[in-house]
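Thanks, everyone, for making the time this morning. I would like to walk through one model with you, slowly, and take the aromatic residues, the strands and the cysteines in turn.

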Amino acid sequence: MISRLLARKRLAVRYWGGWVATRRGGRQIGPRPILALHRLPDPHCLDCGGTGEVECGVYGQDEPDWADCDCAPFLPLAYLWLPKRPAFTRRRHLPHDPWCTDPNCTHNQPPF
């Protein structure tokens, strides 16, 4: 029922794993995980055609740039900060040998 209500109002709930926000004083908060309520692009928009992105570019450039359309702003309407994972549950990666091409390799000898 909630998904039908959100679809009717063109809203979506998204998870962002590393959201960074800025306080009024200019100090950054984050990166922290959040659940955010976003507005979806208008399917009848004449500028973007419902994709939320507009192709723009400079003459002479090989690849075009993409800009956000006005019908779907990137910033969330509302968000809920989620707690960080405890430090003991985070995965620690062992240093990888740069000489070895196999990512699962455990030897310490160079290939020569």
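Let me begin with Trp81, which at 28% relative accessibility counts as partly exposed, and please keep in mind throughout that this is a predicted model. Its partner is Tyr79, and the two rings form an aromatic pair of the edge-to-face kind, with 5.6 Å from centre to centre and 85° between the planes. Tyr79 likewise counts as partly exposed, in its case at 42% relative accessibility. The structure holds two aromatic pairs, and the one I have just described is one of them.

Turning to the strands, we have an open sheet of three, in the order 1-2-5, with antiparallel pairing. Strand 1, residues 11-22, and strand 5, residues 78-81, are the edge strands, each of them pairing on one side only. Neighbouring strands in this sheet are turned against each other by 30° on average, if we ignore direction. Between strand 1 and strand 2, the latter covering residues 28-39, the antiparallel pairing runs over nine bridges, and Val13 stands opposite Leu37 of strand 2.

That leaves the cysteines, and here the question is how many disulfides the structure holds. There are zero. For Cys48, which is in no disulfide, the nearest cysteine sulfur is that of Cys71, at 3.6 Å. The sulfur of Cys69 also has Cys71 as the site of its closest cysteine sulfur, and because the separation is 3.7 Å, that is too far for a bond. As for their surroundings, Cys48 counts as buried at 11% relative accessibility, and Cys69 counts as buried at 6%.

Technical notes. Residues are numbered from 1 along each chain as its sequence is written. This is a predicted model: local features need pLDDT of at least 70, side-chain atom pairs count only at pLDDT 80 or more; totals for chains, interfaces and linings use all residues. Side-chain values use heavy atoms; hydrogens and water are left out. A disulfide is a pair of cysteine sulfur atoms within 2.5 Å. Buried means under 20% relative accessible area, exposed over 50%, partly exposed in between (1.4 Å probe, protein chains only). Rings of Phe, Tyr and Trp (its six-membered ring) pair if their centres lie within 6.5 Å; planes under 30 degrees apart count as stacked, over 60 as edge-to-face and the rest as tilted. Two strands pair if DSSP finds at least two bridges between them. Helices (H or I, at least four residues) and strands (E, at least two) are DSSP runs, numbered from the N terminus. Axes are lines fitted to C-alpha atoms, for helices over the stretch in contact, and angles run from 0 to 180 degrees between N-to-C directions.
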